[in-house]
Amino acid sequence: MNVRLIFSIAKSLLLARFKQTMVAAIGVTFGIAMFITLLSFMTGLNDLLDGLILNRTAHVRLYNEIKPSINQPINIDSAYKNSYNFVGSIKSSGTRQGLYNSEAIMQSLKKDEQVLGFAPRIIAQVFFNDGAIDITGVVNGIEIEAETSLFFFADYITEGKSLDLKNISNSIILGKGLSEKLLVNIGDVIQVTTPKGEIFPLKVVGIFQSGIMELDKTQSYAAINTTQKLLGKPNNYITDINIKLKDLATAPLVSKAYAQLYGTDAEDIQTANAQFETGSFVRTIISYSVGIVLLIVAGFGIYNILNMMIYEKMDSIAILKATGFSGKDVKRIFLVIAMAIGFFGGLFGLLFGFLLSSVIDQIPFNTASLPTIKTYPINYNPLFYTIGIVFSLITTYLAGFFPANKASKIDPVIIIRGK
Amino acid sequence: MSEIILEAKKINKYFHDPLTVKVLDDITFVINKGEFVSVIGKSGCGKSTLLYILSTMDTDYEGELYLDNELMREKKEKQLAKVRNEKIGFVFQFHYLLNEFSVLKNVMLPGLKLGRFAEKEVEHRAMEKLKILGIEKLATKNASQISGGEKQRVAIARALINDPLIIMGDEPTGNLDKKNSEVVFDIFEQLTKEFNQTLLVVTHDNEFANKTTRIIEMEDGRIIKQ
């Protein structure tokens with residue numbers, strides 16, 4: 001009963017000063033709308049930039065590093081176990097780059113619960129022959145289906161079809177920069193020289209553009225068996241296994257476990273790309289702080305308007321108190337007013353924020369480095385909307401609290417006597 | 001022996017700003033049920049100050065105040081608000097209606113606050129009070145659209161809504177012309193006679209006071225005649 005009465009009084013006071021109320025509410029609406037738009041846009045961009053690297057990076061990568069053996073023979077020898085052994089001029093051993101037991105590793109990964117999927121790879125250094133000039137480059141032997149489903153390979157193919165890599169034998173997909181250097185188009189045949197000096201013709205079936213120019217100038221892709229043929233290796237030869245996990249956060253732990261288990265080197269995504277997390281973290285912090293500042297400004301607007309309202313309504317407050325409303329009731333009335341401004345202003349803010357971000361979503365955004373992106377990226381995360389409405393309520397509560405407190409302490413005698 | 005509604009015992013009050021001045025000095029009196037009491041005195045004699053103490057809005061005083069045989073001193077702000085809501089009706093010099101509400105809603109508000117009756121019932125009662133005062137036609141009008149005399153009658157209707165023990169008036173006719181003053185007085189008189197309503201009115205209008213059943217005269221913070 002009392003609650004309903006307080007709401008109805010608050011409503012009447014609000015509607016009596018409709019213009020002022022609107023100004024205050026528009027302040028909140030603007031703040032929330034900007035908060036939503038800013039965060040959606042910023043995180044959209046963040047995701048895009050992160051995706052540029054992270055989508056194509058394995059969560060855990062198994063490979064063999066070229067490095068000196070940790071266990072030098074003298075350390076293993078029992079005769080010298082209790083002495084300090086100094087070995088001079090150690091050289092990296094000629095371990096083979098192919099993974100041992102690659103078939104067995106893949107079988108075991110298939111059964112692993114933590115693994116979303118994996119894609120085997122061969123990385124081969126080659127020369128692309130262009131008349132008198134040899135261009136150094138890399139041929140990545142890939143399994144096209146796995147690469148497409150896990151690392152969105154097909155998204156980066158700008159010309160040709162990615163599946164042709166599998167369907168046409170001895171085919172290759174070149175980076176855009178590389179194809180420009182070699183002056184080749186789809187259907188042309190290029191000559192590739194392997195490190196062992198063999199010359200191998202490959203047919204160009206596609207051009208890809210990764211968004212990172214340096215990569216596009218040196219990288220190319222071929223089917224795994226083509227690459228094995230190129231290198232003259234057997235068909236179980238694989239140099240890398242790129243693993244995508246179900247939970248990205250577990251990558252460092254899993255990578256250590258795999259290094260132990262499979263006797264290979266393992267690199268996790270956090271170690272490989274630490275700078276990206278820092279970058280997006282800082283960008284997120286900036287967008288949140290700008291959004292929150294907007295809301296605080298809106299909060300001051302509400303504070304001002306409520307303060308003015310209280311000066312205007314001194315008589316009404318006095319009469320409410322004289323006729324039996326306690327200080328607490330008066331305080332509640334003004335808090336309800338503030339919260340109503342916050343709630344409705346916030347609700348419209350969410351709506352306008354959504355509209356504004358969907359408008360931005362329609363603006364064309366074409367850049368050479370991002371072939372798959374046609375419009376500005378927007379992240380419609382419901383979390384932003386939740387934070388927006390909660391924060392608008394908190395801000396307006398705080399903005400209303402002090403004026404409401406003041407109103408509750410008004411002494412009716414002073415007002416009535418003062419007339 | 002008639003029923004005691006309000007009892008003041010040795011009430012003293014000081015103003016401390018800028019100097020400590022004693023504004024009320026040993027005020028002691030009793031109001032019985034059905035009395036129509038007027039308090040008169042010159043400006044600054046403390047009669048309004050006394051009224052605010054009696055109305056429980058001013059709590060900064062010495063002495064004892066009993067309303068309906070309950071000591072007011074021990075009550076907290078919230079409890080005092082309830083006492084005002086339930087047992088006291090107010091009529092001020094400047095009608096003090098809430099301009100945001102209709103006349104009817106103005107009358108209903110203290111009733112809704114008390115919550116003794118459902119909203120429909122409060123509305124019905126409010127209409128009855130307006131009928132007693134002959135202003136039921138104004139019910140749907142906005143409080144800011146009616147004349148001064150009408151506003152004062154609405155204020156009286158509001159004072160009556162919870163059937164208070166006592167109605168207190170602070171110069172209720174001070175801002176009205178002669179004709180309207182008489183209307184207000186007639187209403188007060190009607191209330192005492194027909195409904196045995198207790199009234200305490202502060203006024204400097206001697207003509208008005210002379211028509212009441214009892215006059216308390218004050219000077220320099222003291223009661224000099226009652």
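Two residues count as being in contact if their C-beta atoms, placed from the backbone, lie within 7 Å. Keep that cut-off handy for the exercises below, and remember that the model is predicted.

**Exercise 1. Find which residues A:F334 touches, leaving out residues up to four places away in sequence, and place A:F334 in its core.**

Solution.
Step 1: Apply the 7 Å cut-off. Leaving out residues up to four places away in sequence, A:F334 touches A:L306, A:I310, A:G400, A:P403, A:A404 and A:A407.
Step 2: Now look at the core. The largest nonpolar core has 114 residues, and A:F334 is one of those that touch the most other members, along with A:I302, A:L306, A:I337, A:A338 and B:V107.
Step 3: Ask which element gives the largest share. That's helix α2 (residues 18-54) of chain A, with twelve residues.
Step 4: Don't stop there, since another core of 48 residues lies apart from this one, and its members include A:V126, A:I190, A:V192 and A:V204.
A bit of background: in soluble globular proteins, nonpolar side chains tend to be buried together.

**Exercise 2. Work out where the buried residues of α5(A) lie around the helix, and what covers them.**

Solution.
Step 1: List them. In helix α5 (residues 144-151) of chain A, the buried residues are A:I144, A:E147, A:L150 and A:F151.
Step 2: Look down the helix axis. The buried residues of α5(A) fall within an arc of 150 degrees, so they line one face of the helix.
Step 3: See what sits over them. The cover includes strands β2 (115-130), β3 (133-142), β8 (219-223) and β9 (240-245) of chain A, as well as helix α6 (164-167) of chain A.
Step 4: Check what follows the helix. After α5(A) you meet A:F152, which has a positive phi, near 55 degrees.

**Exercise 3. Trace the four-strand sheet of chain B and name its edge strands.**

Solution.
Step 1: Write down the order. This open sheet of chain B runs β2-β1-β4-β5, with antiparallel pairing.
Step 2: Pick out the edges. They are β2 and β5 (70-71) of chain B, each pairing on one side only.
Step 3: Take β1 (residues 4-15) and β2 (residues 21-32) of chain B. Eight bridges pair them in the antiparallel sense, and a hairpin of five residues links β1(B) to β2(B). For a concrete spot, find B:Y14, which stands opposite B:K22 in β2(B).
Step 4: Move to the other end. Strand β4 (residues 62-67) of chain B pairs with β5(B) over two bridges, again in the antiparallel sense. Here B:L67 has B:E70 as its bridge partner.
Step 5: Add the helix. Helix α1 (residues 47-54) of chain B lies across β1, β2 and β4 of chain B, at about 125 degrees to β1(B).

**Exercise 4. Decide which strands of the six-strand sheet of chain B have a side without a neighbour, and why.**

Solution.
Step 1: Get the order. The open sheet goes β6-β7-β8-β3-β9-β10 in chain B, and its pairing is mixed.
Step 2: Go to the ends. β6 (88-91) and β10 (222-225) of chain B each have a single partner strand, so one side of each has no neighbour in the sheet.
Step 3: Note the twist, which averages 25 degrees from one strand to the next.
Step 4: Zoom in on one pair. Strands β3 (residues 36-40) and β8 (residues 198-202) of chain B run parallel and are joined by four bridges. One bridge to spot is B:F36 with B:L199 in β8(B).

How values were computed. Residues numbered from 1 in each chain as written. Chains lettered and ligands numbered in written order. Predicted model: local features only at pLDDT ≥ 70, side-chain atom pairs only at ≥ 80, totals over all residues. Pairing = 2+ DSSP bridges. Axes fitted to C-alpha atoms, helices over the stretch in contact; angles between N-to-C directions. Core = buried A, V, L, I, M, F, W, Y, C linked by C-beta atoms within 7 Å. Buried ≥ 20, exposed ≤ 12 C-beta atoms within 10 Å, placed from the backbone. Arc of directions from axis to C-beta.
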